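Ready for a few exercises? Take a look at the structure below, try each task yourself, and then read through the worked solution.

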Amino acid sequence: MTKFLLSVHVLAAIIAIGPVTVAASMFPAAIRRAGPGAGRDLAVPRSLHRICRVYAALGIVVPVFGLATANSLGVLGDAWLLTSIALTAAAAAVLVLAVLPRQRRLLATVDGPGAPARLAMFTGLFNILWAVVTVLMIVRPGSTTGA
């Protein structure tokens with residue numbers, strides 16, 4: 001059962017989180033290219049925002065199956081896992097509280113020349129948090145379960 005849970009966890013991370021990181025990273029440049037004013041073409045930024053929203057919702061599967069996997073491995077109290085859980089929560093908070101609202105705001109109005117740059121900063125933070133979580137999942141410092 002552990003192999004099944006781990007497989008679903010890893011596949012969900014690839015299928016759900018991967019598209020969010022890519023689409024969120026592409027959004028600031030796409031909104032800049034759309035240009036200011038009423039005649040701007042928002043088709044690409046809207047699609048990227050939709051990808052971020054939909055896959056962010058699907059991404060809840062990742063921690064659910066991650067916790068189930070950790071429970072079956074008996075590592076729920078390990079420091080590397082607790083750190084990963086905290087960083088995952090932080091990444092989710094950055095996405096839900098900073099990235100998605102800023103994308104939505106930029107689609108509705110032009111917030112000024114610095115707005116895409118600030119969005120790119122939060123998107124970079126989101127991506128770095130996920131990269132650190134991925135490394136922790138692979139390296140598992142101090143783990144007695146192998147690797």
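**Exercise 1. Find which helices each supply at least two residues of the lining of the largest pocket.**

Solution. Keep in mind that this is a predicted model.

- Step 1: Walk along the chain and pick out the contributors. They are helix H1 (2–34), helix H3 (61–73), helix H4 (79–108) and helix H5 (115–139), each with at least two lining residues.
- Step 2: Look for the biggest giver. That is H3, which puts 7 residues into the lining of the largest pocket.
- Step 3: Go to the middle. The lining has 26 residues, and those nearest the centre of the pocket are His9, Val10, Gly66, Val133 and Met137.

**Exercise 2. Describe the volume of the largest pocket and the classes of residue in its lining.**

Solution.

- Step 1: Start with the space inside, which is about 640 Å³.
- Step 2: Sort the lining residues by class. You should get 19 nonpolar, 6 polar and 1 charged.
- Step 3: Place one central residue in its class. Gly66 is among the residues nearest the centre, and Gly counts as polar in this sorting.

**Exercise 3. Do the same for the second largest pocket: what is its volume, and which residues are closest to its centre?**

Solution.

- Step 1: The volume of the second largest pocket is about 180 Å³.
- Step 2: It has 14 lining residues, and Ala56, Gly59, Ile60, Ala92 and Leu95 are the closest to its centre.
- Step 3: Trace the lining back to the helices. Helix H2 (43–58), H4 and H5 each bring at least two residues, and H4 has the largest share, 5 residues.
- Step 4: Sort by class once more. This lining holds 12 nonpolar and 2 polar residues, with no charged ones.

**Exercise 4. Now step back to the whole chain: how many helices and strands does it have, and what share of its residues is buried?**

Solution.

- Step 1: Count the elements. There are 5 helices and 0 strands, so the order from the N terminus reads α-α-α-α-α.
- Step 2: Take the overall dimensions. Along the principal axes, the C-alpha atoms fill a box of roughly 60 × 25 × 20 Å.
- Step 3: Apply the cut-off for buried, under 20% relative accessible area. Of the 147 residues in the chain, 35% are buried.
- Step 4: Turn to the surface. The accessible area is about 8,000 Å², and carbon and sulfur atoms own 72% of it.
- Step 5: Finish with the contacts that have a separation of 6 or more. Residues 24 or more positions apart make up 76% of these.

Note on methods
Residues numbered from 1 in each chain as written. Predicted model: local features only at pLDDT ≥ 70, side-chain atom pairs only at ≥ 80, totals over all residues. Heavy atoms only, no water. Helix = DSSP H or I, 4+ residues; strand = E, 2+ residues; numbered from the N terminus. Buried < 20%, exposed > 50% of the residue type's maximum accessible area, 1.4 Å probe, protein only. Contact = heavy atoms within 4.5 Å. Areas by Shrake-Rupley, 256 points an atom, 1.4 Å probe, with all protein chains shown as cover. 1 Å grid on protein atoms, 1.4 Å probe; cavity = no way out; pocket = protein on both sides within 12 Å on 5 of 7 lines; lining within 4 Å. Points joined across faces, edges and corners; volume = space filled by probe spheres on them.
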